[in-house]
Amino acid sequence: MGNATWLDAEVQPVSAVFTMRVTIFLLCCAVAVAQEPASLEARAQRYLIDLIRIDTTNPPGNETRAAEYLKRVAATYGINAELLGDKPTRLNFVARLAATSHSEKTRPLLLMAHSDVVPADKTQWTVDPFSAELRGGFIYGRGAQDDKSLLAAELAVLVELKRRAVPLKRDVILLSESDEEAGSTGINWLIHNAYAKIDAEFALNEGGAALDLRSGARIFQIQTAEKVPTRVILTAKGTAGHASLPRSDNPVVHLARAVTRLADLAQPVQLSTTTRRYFAEIAKLPDYAWLEPLLPQLEQESTAAAAADTIEQRDPELNSMLRTSVSPTMLAAGLKVNVIPNKATAQIDVRRLPNETRQEIEARFRAAINDPAITVSREPGQEMPSTEPSSLTTALYLTMEKVFHEASPHAVVVPYMSRGATDGSYLRQKGMAVYGVPIFLREGGESRAHGNDERISPENLAHGTDLLWKIVTAVAK
Ligand SMILES: [Zn+2]
């Protein structure tokens with residue numbers, strides 16, 4: 001596989017074969033750069049195709065090849081850029097266009113996207129996931145949605161600012177980070193070792209989405225908050241013995257009860273600035289008129305759970321914005337059918353509301369399980385931070401509202417909390433306002449991010465790039 005070949009080449013001592021491969025690779029890229037298309041939108045498409053063809057499946061990532069590609073494009077236009085990180089094959093890319101006037105004290109705008117992608121099972125795809133094939137009006141490829149389309153649009157905007165020598169009142173930084181999908185080591189390295197290079201007043205990131213509703217409204221969901229992945233382990237302990245004599249301390253039985261109690265436990269309903277505004281805005285639309293009588297009930301402790309249950313029956317995605325979620329996913333116990341084991345474990349995927357702490361969750365779980373044979377513990381390793389939602393009154397948020405309203409006569413712009421986590425949370429923890437920017441439309445109402453046959457239409461990419469251009473110039477010019 002191309003990927004394995006490149007990985008081998010990178011870890012082996014320099015050889016003739018390696019030199020030749022690098023030369024061919026550089027020549028190909030030189031050709032690609034030399035044939036830079038003329039328009040902003042065409043350039044975004046060129047960059048997306050090139051980026052999809054650079055396989056950055058994580059693991060192992062090999063994001064340095066994407067970073068080197070970005071650096072070559074930047075160099076073509078005289079944009080200063082550097083590759084940063086501590087692992088030679090997994091470098092981040094940072095480029096900066098400096099402000100041309102410093103009359104106002106304005107801090108930088110950060111455009112960020114990750115360069116790695118999740119694995120693609122080729123047997124489940126109808127095209128090669130790394131070919132960027134254009135078929136039936138779509139560009140197919142792993143990363144076409146998550147997150148190389150955003151990266152391509154951001155690069156195209158940066159290049160356009162430079163080409164047109166747009167006067168800037170603030171620095172515009174482009175960050176392409178490694179390892180978002182597996183360990184967030186890229187963003188964490190930058191935060192701990194080179195934060196000044198990415199520090200900004202606010203950032204545009206993945207996590208937002210635009211959707212067309214049946215009523216004709218187009219809803220732009222600006223991600224300002226995200227649920228916090230919180231892995232919980234339940235461990236049941238008992239006494240091992242022959243299965244012919246049932247025991248009351250059988251850990252399999254205790255664990256099964258505990259898992260059922262957690263799954264059945266109604267998680268409390270809580271609203272934040274983001275979700276309160278989200279529900280209030282969408283309830284004004286004909287598609288969600290049914291929500292309106294439920295909203296006052298969500299605010300009252302005595303009626304909130306019942307209201308959320310009603311919402312769940314109609315729209316489980318909306319319910320997930322109101323509560324911490326609990327999904328048991330992995331079970332382990334026993335080695336032989338005729339032996340009662342002395343231990344059984346369950347792993348629970350919890351997505352907690354950012355205004356709840358891990359300690360609160362664990363205490364609630366222990367109380368619900370109510371069984372001394374069960375311990376509730378956390379999965380070891382790094383935990384994602386839990387932060388306040390980004391502000392709805394920054395110049396960047398207000399600009400996005402304005403641009404989206406101008407772009408679509410039936411636009412509804414709302415702040416949004418995503419179920420999935422992004423690297424934006426690490427920057428929010430540093431005090432930066434980070435927004436998942438909804439420039440791309442969810443085509444056909446579906447998301448294929450992390451799925452099979454991931455794709456985006458060239459029109460969607462072009463339209464989104466144009467929206468990004470309008471946002472960036474309005475905020476940075
Ligand atoms: Zn992503």
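**Notebook: sheets, one helix pair, one leucine**

I began with the open sheet of four strands, which is ordered S12-S14-S10-S15 with antiparallel pairing. The model I am reading is a predicted one. At the edges I found strand S12 (325-333) and strand S15 (374-378); each has a single partner strand, so one side of each is left without a neighbour in the sheet. From one strand to the next, I noted a twist that averages 25°.

I then looked up how S12 is held to strand S14 (residues 343-352). The two pair in the antiparallel sense, over eight bridges. For a register point I took valine 326, whose bridge partner in S14 is valine 350. I also checked what packs on this sheet: helix H12 (residues 358-369) does, and it touches strand S10 (228-237), S14 and S15. The direction of H12 makes about 165° with that of S15.

**Strand S9 and its partners**

Next I turned to strand S9 (residues 218-226). Is S9 mostly covered or mostly open? I have it as mostly covered, since eight of its nine residues are buried, the cut-off being 20 or more other C-beta atoms within 10 Å.

I listed the pairings of S9 with S8 and S16. With strand S8 (residues 209-212), S9 pairs in the antiparallel sense over four bridges. Alanine 209 has glutamine 221 in S9 as its bridge partner. The hairpin of S8 and S9 leaves five residues between the strands, and there I noted glycine 216 with a positive phi near 100°. With strand S16 (residues 411-418), S9 pairs in the parallel sense, over eight bridges. Here I recorded phenylalanine 220, which has valine 413 in S16 as its bridge partner.

**The three-stranded sheet**

I also followed an open sheet of three strands, in the order S4-S5-S18, with antiparallel pairing. Its edge strands are S4 (134-135) and S18 (455-456), and each of them pairs on one side only. Strand S5 (residues 138-140) runs antiparallel to S18 and is joined to S18 by two bridges. Opposite isoleucine 139 I found isoleucine 456 of S18.

**Helices H3 and H5**

For the helices I picked H3 (residues 40-53) and H5 (residues 148-163). Two packed helices are described by the angle between their axes and the distance between the axes. For H3 and H5 I have an angle of about 135° and axes 8 Å apart. Angles over 145 degrees would count as roughly antiparallel and 65 to 115 as roughly perpendicular; H3 and H5 are therefore oblique to each other. I entered the crossing of H3 and H5 as right-handed.

Which residues of H3 meet H5? I listed Leu40, Arg43, Ala44, Tyr47, Leu48, Leu51 and Ile52 from H3; the residues they meet in H5 include Leu151, Leu155, Ala156, Val159 and Glu160. By class, the contact of H3 with H5 has twelve nonpolar, one polar and three charged residues.

**Leucine 40**

I finished with leucine 40, a residue of helix H3. Why is leucine 40 classed as partly exposed? It has 19 other C-beta atoms within 10 Å, and a buried residue needs 20 or more. Setting aside its neighbours within four places in sequence, I found leucine 40 in contact with Ala156, Glu160, Thr465 and Trp469. I also took a long-range reading: leucine 40 and alanine 280 are 240 residues apart in sequence, and their C-alpha atoms are 36 Å apart in space.

Conventions: Residues are numbered from 1 along each chain as its sequence is written. This is a predicted model: local features need pLDDT of at least 70, side-chain atom pairs count only at pLDDT 80 or more; totals for chains, interfaces and linings use all residues. Two strands pair if DSSP finds at least two bridges between them. A residue is buried if 20 or more other C-beta atoms lie within 10 Å of its own, exposed if 12 or fewer, and partly exposed in between; C-beta atoms are placed from the backbone. Axes are lines fitted to C-alpha atoms, for helices over the stretch in contact, and angles run from 0 to 180 degrees between N-to-C directions. Angles under 35 degrees count as roughly parallel, over 145 as roughly antiparallel, 65 to 115 as roughly perpendicular and the rest as oblique. A crossing is left-handed if the near helix is turned anticlockwise from the far one by less than a right angle, and right-handed if clockwise. Two residues are in contact if their C-beta atoms, placed from the backbone, lie within 7 Å. Ala, Val, Leu, Ile, Met, Phe, Trp, Tyr, Cys and Pro count as nonpolar, Asp, Glu, Lys and Arg as charged, and the others, Gly among them, as polar.
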